[in-house]
Amino acid sequence: MSDAILPPPLGVGLVLHPNLEYLAQCDALIHSEVDFFEVSPETCWQTNHATGLPQASPWLARFVDLKNKTRRPIVGHGLCLSPGTADDSDRERRRLAAWVECIRQDNAQLEYLWYTEHLGWATDGAIVPDLPLPLPPTDESVQTVCRRLGMLKSVLPLVGFENQVSYFNFGDARDQPAFWNRMTHEGNLWLLLDLHNAYTECQNAGADLDEYLDAIDLDRVIEMHLSGGSESDPGWLASGATMRLDSHDAPVPEVVWRAYERLRPRCKNLRGVVVERLDGTMSDDDVSPYRDELRRAREIFFKA
């Protein structure tokens, strides 16, 4: 277990997306319904065309202002650091160093309480997939993730990763929790347990959700995500089969609520739960149901 001191339990939060319409829709929720915010730093960056490296955009100042006005803390959740990339070239080392430095500069203003990254790899030389791709459950993968995420500990002590959704896997999807446990233990890392991601993995792989979740070392869970999703278009696959998608475009399904309520008392180090909704997927009519979800999540969080 990490020697870093955990903050007190926060409660329930939402994501600050760099989208004026979304922020306007959620304005009342931001000021009265949540205990903290989550920010993905890449959404606060823009590319410096002279260097090709990221630098702060005006969104950083907007989020800092919102933090100060509401007096709500912020946690960081990265998208593209690519902790599973094993490339050790000079170019990749420079990119990673620049990434970490940008996070350091953001942290000086946003003061992240903890920081998590999407597990997987999102860059490998000339290959840049749209979503982080899965890792083989090998010693090399464990060491790569621990080494790369360990660089963030020079910025702040509490660092972890989020379990991802993969639409293909190396091996049996039911072995993933043991893979995560190895990384949290060997790298002194925390887990952001996304329950809809877990549900999606199990739905697509034909695995039992309760057994899958029970295999996780729940003492390492610092944060949870709750979200909804949808089913894929039958026309995407020649077989006509559908898959569950982690699309963040719908209410949290009851199976995810049940998993959250069952696990919450067992996650003694859980510090916050974020109810996710992707910007651009919410109409004005969705705001009131979203408020209800935030309240439901908060009631379960503090009931434990």
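Okay, helix 3: residues 58-70, so 13 residues by the DSSP numbering (helices are H or I runs of at least four residues, strands are E runs of at least two, both numbered from the N terminus). From first C-alpha to last, helix 3 reaches 19 Å, close to the expected 18 Å, where expected means 1.5 Å times one less than the number of residues.

Quick note before I go on: this is a predicted model, where local features need pLDDT of at least 70, side-chain atom pairs count only at pLDDT 80 or more, and totals for chains, interfaces and linings use all residues. Residues are numbered from 1 along each chain as its sequence is written, and side-chain values use heavy atoms, with hydrogens and water left out.

So which residues of helix 3 are buried? Leu 60, Phe 63, Val 64, Leu 66, Lys 67 and Thr 70. Buried here is under 20% relative accessible area, exposed is over 50%, and partly exposed is in between, with a 1.4 Å probe and protein chains only. Those six sit on the same side of helix 3 because they cover an arc of only 160° around the axis, taken from the directions from the axis to the C-beta atoms. Over on the other side, Pro 58 and Lys 69 are exposed.

And what covers the buried ones? Among them, helix 1 (20-25), strand 2 (36-39) and helix 4 (90-110), with contact meaning heavy atoms within 4.5 Å. Right after helix 3 comes Arg 71, with a positive phi near 60°.

Last bit, disulfides: pairs of cysteine sulfur atoms within 2.5 Å. The count is zero. Why no bond for Cys 202? Its closest cysteine sulfur, in Cys 267, is 15 Å away, too far. Cys 202 is buried at 4% relative accessibility, and Cys 267 is buried at 0%.
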